[in-house]
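Dear colleague,

I am passing on the structure below, and after it I have set out what was found, in an order that I hope is easy to follow with the model open beside you.

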Amino acid sequence: MNRIAICVFGLFLLWSAADIRCQDGEVAENPSLPSMLTSKHLANPVQVHAKVISGGLPEDDAAFKELAERGIKTIISVDGMKPDVELARKHGLRYVHLPHGYDGIPDARVKELAKAVRDLEGPIYIHCHHGKHRSPAAASVACVSAGLIQPDAAIPILELAGTNPNYRGLYKAARSAQPISGDLLDALTYDFKEVQDIPAMAEAMVETAHAHEHLGLIEAAQWKTPSDHPDLVPAHEALLLQESFTELLRHDETAEQPTEFLAMLRESEAAAHQLYERLSVLKDRSTSPSQQSEFSGLYKRISDNCKSCHVQYRDVPLDEKR
């Protein structure tokens with residue numbers, strides 16, 4: 001028999017004809033991919049490769065049950081939120097936690113993702129929260145790097161999933177992805193953990209501070225890309241700041257914070273969202289004094305909240321924290 005055995009449809013699977021697996025464990029090319037799938041309990045599922053599907057967070061028992069019924073064996077979360085390992089185990093699914101941000105995928109994480117999609121038992125479901133931004137980027141980069149799809153197939157995956165073009169780091173990661181040699185992947189050894197042992201809230205705070213600093217440079221340039229920082233696009237940086245506040249509000253540790261702390265986060269998230277909406281329609285046009293004043297007012301609201309929050313909750317001795 002040919003080494004690539006005849007592919008068959010699993011009659012027990014409910015997903016489309018894109019979900020093709022070979023009898024000897026290899027996967028066959030399918031020119032119709034990527035394709036959007038239909039699901040009752042999973043957000044934005046996209047078949048990236050016969051072995052890999054990108055989508056949103058499985059939020060309840062019904063979602064994990066659907067994954068199991070559709071043949072999924074491994075779930076990879078690229079979300080900062082702690083995976084629901086127990087619910088996955090209940091349905092016989094393995095969880096692997098490989099989180100990354102909205103600003104791109106570090107090289108070390110790219111190698112981990114490539115190794116995971118190549119070597120872990122499939123089919124594999126890669127998810128973030130909504131399945132629109134980080135997970136399609138991770139899935140495309142992983143599949144290209146593992147040699148499962150061609151480099152020119154990466155961007156169409158993001159476009160099909162609806163990844164916001166203002167996430168320039170995610171598009172850059174997909175655009176620059178290249179196959180990693182099999183010998184190099186063979187030499188890499190990873191302990192794929194169900195949950196990464198990282199201070200999620202602290203990491204999110206660092207990302208928030210970076211985005212806030214970048215917007216300060218943009219404000220100084222009259223709300224245009226600074227000449228000495230051509231990589232800083234106003235709408236993109238405002239979007240990153242908005243998402244960093246959203247991520248902070250989703251962390252379990254954040255939920256345990258005082259009411260005033262949460263109120264400042266929510267107000268800052270709303271102000272960042274307004275700033276993003278207003279900047280996204282400019283397309284690098286010059287801004288009027290009134291527009292600059294409006295943008296700076298929103299930025300000041302965020303800055304004031306950050307300063308107040310730091311004074312009350314960060315810049316005090318540990319034994320005095322509420």
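In this predicted model, the largest nonpolar core has 73 residues, and those with the most contacts inside it are Ile 76, Val 117 and Ile 126. The element that gives the most to this core is helix α11, residues 259–280, with 9 residues. Besides this core there is a second, separate one of 14 residues, which includes Leu 37, Phe 64, Leu 67 and Leu 87.

If you would like to begin with one residue, Ile 76 may serve: leaving aside its neighbours within four places in sequence, Ile 76 is in contact with nine residues that include Val 96, Leu 98 and Leu 113, and both Val 117 and Ile 126 are also among its contacts.

Helix α11 deserves a slower look. Its 22 residues should span 32 Å at 1.5 Å a residue, and because its end C-alpha atoms are 31 Å apart, the expected and the computed span agree. The buried residues of α11 include Leu 265, Ser 268, Ala 272, Leu 275 and Leu 279. It may help to remember that an α-helix has 3.6 residues a turn, so residues three or four places apart point the same way.

Which residues outside its own stretch of sequence does Phe 245 touch? Phe 245 lies in helix α9, residues 234–250, and, leaving aside neighbours within four places in sequence, it is in contact with Thr 208, Leu 265, Ser 268, Glu 269, Ala 272 and Ile 302. Of these, Leu 265, Ser 268 and Ala 272 are listed among the buried residues of α11. Phe 245 itself counts as buried, because its relative accessibility is 2%, which is under the 20% cut-off. The C-alpha atoms of Phe 245 and His 273 are separated by 9.9 Å, with their positions 28 residues apart along the chain.

Ala 204, in helix α8 (residues 200–220), is likewise buried, with a relative accessible area of 7%. Once its neighbours within four places in sequence are set aside, Ala 204 is in contact with Leu 248 and His 251. Ala 204 and Gly 101 are 103 residues apart in sequence, yet 9.0 Å apart in space, C-alpha to C-alpha.

Finally, a word on the cysteines: Cys 143 counts as buried at 0% relative accessibility, and Cys 306 counts as buried at 16%, while the count of disulfides comes to 0.

With best wishes

Terms used:
Residues are numbered from 1 along each chain as its sequence is written. This is a predicted model: local features need pLDDT of at least 70, side-chain atom pairs count only at pLDDT 80 or more; totals for chains, interfaces and linings use all residues. Side-chain values use heavy atoms; hydrogens and water are left out. Helices (H or I, at least four residues) and strands (E, at least two) are DSSP runs, numbered from the N terminus. Buried means under 20% relative accessible area, exposed over 50%, partly exposed in between (1.4 Å probe, protein chains only). Contact means heavy atoms within 4.5 Å. A nonpolar core is a set of buried Ala, Val, Leu, Ile, Met, Phe, Trp, Tyr and Cys residues joined through side-chain atoms within 4.5 Å. The expected span of a helix is 1.5 Å times one less than its number of residues. A disulfide is a pair of cysteine sulfur atoms within 2.5 Å.
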